[in-house]
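Reader: Hi! I have a protein to look at and would love some company. Could you pull it up and walk me through it?
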Amino acid sequence: MSDENGNDAPVGRPIGSEEEPSTHRVVGPGEEVFDIPATLPLIPVRDVVVFPGVTVPLAIGRRKSLSALDHAGHDGFMLLATQEDPDTQEPTLDDLHGVGTIVRVLRIIDARGEGKQALVAGVSRARVGRQLASEPHVVVRATPMEDVPIDGTAAEGTWRRVVMLAQRVIELRDDLPDEWKMFIAGIPTAGMLADLVASNLPLAPEQRMRLLEEANPAQRLGLIEEHLEREVTIAETQQALRGEAEDEDMDPKRREKMLRSRMREIQAEIGEGDAGLREVDELRERFEAQDFPAEVEEHTERELKRLSALPQHAPDRHLIRTYLEWILDLPWNEQTEDKLDLIAARQVLDDDHHGLDKVKERILEFLAVRKLAPDAKAPILCFVGPPGVGKTSLGRSIARAMERKFARASLGGVRDEAEIRGHRRTYVGSMPGRIIQSLKRAGTRNPVFVLDELDKLGSDFRGDPSSALLEVLDPEQNHAFSDHYMEVPFDLSRVLFIATANTLATIPPALLDRMEVIEINGYTEREKLEICRRHLVGKQLEAHGLTTKRLSIQDDALERVVMEYTNEAGVRNLERHIATLMRKVAHRVAMDPESTDAIVIDPDFVSEALGAPPHQHERAERDAVPGTAVGLAVTAHGGEILFLEARRMDGGRGIRLRLTGQLGDVMRESAEAALSWVRAHAGELSLPDGALEPCEIHLHIPAGAVPKDGPSAGVAMVTALVSALSGRPSRGTIAMTGEISLRGKVLPVGGIKGKVLAAARAGVDTVVLPKRNEKDLIDVPEDVLEKLEVHLVSDLTEALAITLPQSD
């Protein structure tokens with residue numbers, strides 16, 4: 001049997017003939033007779049099923065539903081139909097169940113806002129017919145359904161069983177009054193008994209609809225009997241569990257675990273269980289399977305109780321679940337066992353990196369201390385050096401040597417404190433900070449954690465990330481790191497933090513104070529050649545699908561690439577050039593795959609593939625020119641040579657100094673100090689007569705687009721000024737560095753290793769350094785020192801004797 005839409009109609013016969021009457025006479029549950037219109041206003045309801053003979057309150061807020069309620073009015077009739085999907089906002093007939101309930105409006109109350117409340121009483125089941133109107137509310141034809149006649153003798157056993165089970169439930173449950181037992185026994189019909197009991201059972205909407213669609217009272221009683229048996233089992237079990245739970249000798253956690261376990265077993269046995277409660281139970285089982293700190297256990301227990309109290313479709317439910325899953329996924333106790341074999345660790349470091357002996361020695365010292373004192377606090381190392389020298393890859397090598405997991409967080413451009421500490425859970429889309437996220441990905445509580453680009457942190461109105469890092473990088477505090485999202489402390493004391501930076505100038509002093517700085521100034525040409533042979537060539541061969549059978553690289557070719565195509569402290573550009581050579585070879589191999597001849601990369605191949613060398617030593621065009629000097633400086637990219645040019649021009653009043661080349665305040669002050677010293681010692685310097693007559697002295701440092709600052713150019717400035725005023729040229733193969741004072745003292749400066757390496761790369765053969773920087777030459781490779789003639793001076797007179805020797 002089907003309706004006019006082709007859907008299966010529920011069992012039961014409609015009242016009246018096949019013609020469409022204007023009214024239907026219906027006998028209600030209390031034997032009251034109603035004349036109900038055949039066309040009724042329709043109100044869709046969510047998760048609500050009203051049974052005949054039951055009075056329920058309704059909250060009505062949708063526009064069409066309010067119009068339908070107003071149309072029905074007090075003592076009027078409406079048709080209620082339950083939505084198949086409660087989330088549908090504007091349901092059509094296709095979104096509703098085919099059977100609803102004709103209700104009588106007993107009372108209408110204006111609620112706050114735009115909604116209303118209505119008290120309605122169920123009158124009869126009814127099939128939802130065709131739609132007659134959609135505005136201002138939906139009007140449909142409603143066909144009442146009467147109960148199918150049954151044999152009272154056949155249903156008497158089920159009837160008595162239902163009454164007995166219902167009375168048993170009333171006895172077991174404290175929230176139901178005993179008077180209901182007499183009321184249940186006095187219900188006159190099977191259909192009314194089934195409907196009244198169903199309205200008071202905790203059933204799902206689908207189960208209630210199954211009972212509403214069933215027109216056979218005997219069948220409804222059978223379904224009610226099954227539900228009542230489950231209710232009796234649950235009530236008896238709850239009563240028994242309450243008795244066991246009152247045992248004062250049992251551990252509270254054990255008692256709670258036992259009760260929850262038994263409840264789950266009962267629900268599984270009777271085939272019942274709320275999906276939301278099952279979700280909470282699954283989370284609780286996962287928490288019980290792990291060992292958490294006491295504070296974390298207390299916090300998660302509170303969150304689990306909050307989750308269990310929320311309805312299944314509550315908007316906060318998935319937020320709490322996501323939070324609890326974050327706690328579950330963090331490695332509270334998981335950690336790897338350190339491998340503390342110093343010989344094997346040295347082998348790993350040597351395999352991955354060439355040179356860097358000082359850095360490797362410090363790493364091995366850390367491993368030795370960890371071997372002798374396993375519980376010692378891990379140091380916070382900070383690798384400072386130009387790009388491409390292997391700071392981040394050193395962290396990977398340390399992790400591999402110790403057999404620890406590796407985690408990395410790039411801090412370049414981070415301006416929000418919440419990126420470190422996380423967002424509070426009150427914000428939409430909140431999540432933990434980068435520290436906690438990286439630890440979750442690592443899966444252990446003791447990884448090697450690299451904080452890249454520490455010198456490029458920013459700050460704005462959202463907070464200062466560097467201040468948030470103080471807690472992370474302080475061994476005295478990070479045992480209880482507090483992330484705003486997690487709200488519980490996490491122990492970071494077992495993490496080996498390694499920070500990387502290109503310069504120390506932009507790192508806040510408070511943060512720098514918590515770290516041990518290890519400088520990595522760069523590689524010599526010999527070291528670059530070794531790195532190229534041992535690492536870069538093999539890496540690029542594999543990346544481009546080539547083998548040594550089809551490719552041969554001459555040492556002269558690699559040397560040309562290093563000497564003429566790179567002028568950096570690291571090897572990043574060198575690797576790019578090697579990749580370019582490999583692409584050229586791969587192109588030739590792909591064009592002639594049948595050939596077996598090996599392609600040879602020689603110096604000519606390099607020139608053809610890479611073009612003209614981009615780096616030429618600038619000293620060649622500045623040899624023996626008065627007023628020039630070669631200085632040494634350190635930038636974020638490593639050591640660099642710095643050319644200074646000075647010129648004297650007659651005219652003006654007094655001596656005027658003009659400075660150009662984007663010089664910072666410190667460098668301008670150095671220039672003024674240099675000029676003052678030269679003027680004060682003009683006689684000792686044997687300057688020509690009239691050299692300091694009214695004139696303008698222009699001091700310029702090329703590469704004007706690059707900002708420059710620092711005190712290291714003092715000696716070079718004095719040399720350039722004296723050379724310009726005396727006419728004596730300074731050799732272009734002499735480079736110098738050092739801060740000066742008005743007394744003529746040459747003061748120590750930093751970055752000596754990087755500056756000496758830069759001088760060697762530029763082809764300089766003589767270097768003038770402050771006497772007090774002699775200790776820093778220990779860090780310079782011996783092969784570099786062998787190429788250079790190093791002079792250590794303590795005052796400007798000694799320096800000028802070397803940089804501007806007196807002519808015979």
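Author: Happy to; we can start with the overall picture and then go through a few spots. Keep in mind that this is a predicted model.

Reader: Good to know. How many helices and strands does the protein have?
Author: There are 26 helices and 26 strands.

Reader: And what share of the residues counts as buried?
Author: Of the 808 residues, 48% count as buried. As for the outside, the protein exposes about 40,100 Å², and carbon and sulfur atoms supply 48% of that area.

Reader: What about contacts between residues far apart in sequence, how much do they account for?
Author: Taking contacts with a separation of 6 or more, 72% are between residues 24 or more positions apart. For one pair of distant positions, take Lys358 and Ile520: they are 162 residues apart in sequence, yet 8.9 Å apart in space, C-alpha to C-alpha.

Reader: Where is Lys358 found, and is it buried or exposed?
Author: Lys358 is in helix H12, which covers residues 357-372. Its relative accessibility is 56%, so it counts as exposed.

Reader: I always ask about cysteines. How many disulfides turn up?
Author: A search of the whole structure finds 0.

Reader: Okay, and are Cys382 and Cys695 buried or exposed?
Author: Cys382 is buried, because its relative accessible area is 0%. Cys695 counts as buried too, at 1% relative accessibility.

Reader: Next to Cys695 in the numbering there's Glu696. Where does Glu696 sit?
Author: Glu696 is in strand S21, residues 695-700.

Reader: A charged-looking spot! Why does Glu696 count as buried?
Author: Buried means under 20% relative accessible area, and Glu696 has 16%, so it falls on the buried side.

Reader: What does Glu696 touch?
Author: Leaving out residues up to four places away in sequence, Glu696 touches Arg647, Arg648, Met649, Gly651, Arg656 and Arg658. With Arg658 there is also a polar contact, side chain to side chain, at 3.1 Å.

Reader: Nice. Switching topic: why would you call helix H16 largely enclosed?
Author: Because 7 of the 8 residues of H16 (residues 465-472) are buried, the rest of the structure largely encloses this helix. The buried ones are Pro465, Ser466, Ala468, Leu469, Leu470, Glu471 and Val472.

Reader: Which elements cover the buried residues of H16?
Author: The cover includes helices H14 (418-421), H15 (434-442) and H17 (509-512), along with strands S11 (448-452), S12 (481-482) and S14 (496-501).

Reader: Let's move further along the chain. In which sense do strands S25 and S26 pair?
Author: S25 (residues 766-770) and S26 (residues 789-793) pair in the parallel sense, over 5 bridges. Between them the chain goes through helix H25 (residues 782-787), making a right-handed β-α-β crossover. Within the pairing, Pro770 stands opposite Val793 in S26.

Reader: Which residues does Thr737 touch?
Author: Not counting residues up to four places away in sequence, Thr737 touches Leu632, Ser712, Val715, Val749, Lys755, Val768, Leu769 and Pro770. Thr737 itself lies in the loop between strand S22 (734-736) and strand S23 (739-740).

Reader: A loop residue, then. Is Thr737 buried or exposed?
Author: Buried: its relative accessibility is 0%.

Reader: And what does the side chain of Thr737 reach?
Author: It reaches the backbone oxygen of Ser712 at 3.3 Å. The Thr737 side chain also makes a polar contact with the side chain of Lys755, at 3.1 Å.

Reader: Lovely, thanks for the tour!

Terms used
Residues are numbered from 1 along each chain as its sequence is written. This is a predicted model: local features need pLDDT of at least 70, side-chain atom pairs count only at pLDDT 80 or more; totals for chains, interfaces and linings use all residues. Side-chain values use heavy atoms; hydrogens and water are left out. A disulfide is a pair of cysteine sulfur atoms within 2.5 Å. Buried means under 20% relative accessible area, exposed over 50%, partly exposed in between (1.4 Å probe, protein chains only). Two strands pair if DSSP finds at least two bridges between them. Helices (H or I, at least four residues) and strands (E, at least two) are DSSP runs, numbered from the N terminus. A crossover is right-handed if, with the strands pointing away from the viewer, the path from the first strand over the helix to the second runs clockwise. Contact means heavy atoms within 4.5 Å. A polar contact is a pair of N or O atoms within 3.5 Å; within protein, one must be able to donate a hydrogen and the other to accept it, and residues adjacent in sequence count only if both atoms are side-chain atoms. Accessible areas come from the Shrake-Rupley method with a 1.4 Å probe; for residues, only the protein chains shown count as cover.
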